[in-house]
Amino acid sequence: MVVGDIMIMRVMEEEEGGESLIEKEEDMKMLSSDPFYAITKSFPQPMKLVVGYALTSKKTRSFIQPKLEGVARLKGILFIAIDPNRPLSEQGPFDIVLHKLSGKEWRQILEDYRQTHPKVTVLDPPDAIQHLHNRQSMLQDVADLNLSNSYGKVGVPRQLVVKEDASSIPDAVMRAGLMFPIVAKPLYVDGSAKSHELSLAFDQYSLEKLEPPLVLQEFVNHGGVLFKVYIVGDAIKVVRRFSLPDVCKRELSENAGVFRFPRVSCAAASADDADLDPSVAELPPRPLLEKLARELRWRLGLRLFNLDMIREHGTHDNFYVIDINYFPGYGKMPEYEHIFTDFLLSVVDSK
């Protein structure tokens, strides 16, 4: 089976006042017609916080699942959908706003809302999220961190940014000294499926077929498994996903051209129950992940993100971060309902 075939197989996220009885009856009639009141009235315990969410329809389906809403109700949390076509200040009131919508207009709406509603926690700040929309800047904080301790080392693959002119890529790669195969990813991440596609180039002549703007990374053999490190505030959850298989020298010499793939890692490609080599399956050390997550939360200014992380094959403690995603597919994360609702409560308790 050739490398391309293997790769394609592995590619599959009241307090009552002194008003009269008549006045109270009129108030109750008005309240009973309010959908906000109708939902909160059925809560099994006093409501602690209201979370407004502004998500794409796809993200809403994957994240706002019945089990999450059920667990939230038991903890006194109410999720309310935000209508992006109505003024945000006229909706709510909210204690927390969760969001993952794109566009300059929406970012400005959120920034204005944060200024006029300083007591509301917006997860996460729009400007901080923008940092992750560029693959060059998203990994710079990991590179600057240069994390190394007794539990391991974390870095980023050698990479090169090409913003235009595909014909210049071969010379640029040669000058940078990047080794083949080379992974090519779109420079900008806009939430579309295309921005998560990648290509694997096996030779110098195929590089001109790539379409800038791109980030080019040296491919690091990692046993065909990557670790998705989900970060929710202080909580960390790690799952295994199948990834691109290793490329040996023989395969490198026998293959040419560019192999293109849709999103490589997804829930359908879970490797948690697979019969893997223990040296490949072993999760990164917890103390290493805790330090990495703590540093990146501070540097990125974010509390909701995940890392795509790999271990260099043949090593025990040499890790690379190859991608960072804001508000990832938490619906695929085991026990996300309890982890996420506990996090929301902690956000309010810490204020």
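**Sheet, cores and aromatic contacts**

L214 in β10 is the bridge partner of P186. This bridge belongs to a predicted model, in which strand β8 (residues 182-186) and strand β10 (residues 214-218) run antiparallel to each other and are paired over 5 bridges. Helix α8 (residues 135-145) packs on the sheet, where it touches β7, β8 and β10; the direction of α8 makes about 155 degrees with that of β7. Helix α9 (residues 169-176) also packs on the sheet and touches β7, β8 and β10, with its direction at about 150 degrees to that of β7.

It helps to set these strands in their wider context. The sheet is open and has 5 strands in the order β7-β10-β8-β9-β13, with antiparallel pairing. At its edges lie β7 (159-162) and β13 (258-261), each of which pairs on one side only. From one strand to the next, the twist averages 20 degrees.

Turning to the nonpolar interior, the largest core holds 56 residues. Those with the most contacts inside this core are F63, F79, L98, L304, I324, Y330 and L344. Helix α13 (residues 336-349) supplies the largest share of the core, 7 residues. A second core, separate from the largest one, has 15 residues, among them V162, I169, I182 and L210.

F63 offers a handy entry point to the largest core. Beyond its neighbours within four places in sequence, F63 is in contact with L55, L68, L98, F327, Y330, Y336 and F340.

Aromatic rings deserve a look of their own, and the count of aromatic pairs comes to 11. F63 and F327 form an edge-to-face pair, with 5.2 Å from centre to centre and 80 degrees between the planes. Because F63 lies in helix α4 (residues 57-63) and F327 in the loop between β15 (318-326) and α13, this pair ties together parts that are 264 residues apart in sequence. Both F63 and F327 are buried. Y230 and Y330 form a tilted pair, at 5.9 Å centre to centre and with 45 degrees between the planes. Here Y230 lies in strand β11 (residues 225-232) and Y330 in the loop between β15 and α13, so the pair ties together parts that are 100 residues apart in sequence. With a relative accessibility of 2%, Y230 counts as buried, and Y330 counts as buried at 0%. Ring pairs link F63, Y230, Y326, F327, Y330, Y336, F340 and F343 into a cluster.

How values were computed
Residues numbered from 1 in each chain as written. Predicted model: local features only at pLDDT ≥ 70, side-chain atom pairs only at ≥ 80, totals over all residues. Heavy atoms only, no water. Core = buried A, V, L, I, M, F, W, Y, C linked by side-chain atoms within 4.5 Å. Buried < 20%, exposed > 50% of the residue type's maximum accessible area, 1.4 Å probe, protein only. Helix = DSSP H or I, 4+ residues; strand = E, 2+ residues; numbered from the N terminus. Contact = heavy atoms within 4.5 Å. Pairing = 2+ DSSP bridges. Axes fitted to C-alpha atoms, helices over the stretch in contact; angles between N-to-C directions. Phe/Tyr/Trp six-rings, centres within 6.5 Å; stacked < 30°, edge-to-face > 60°.
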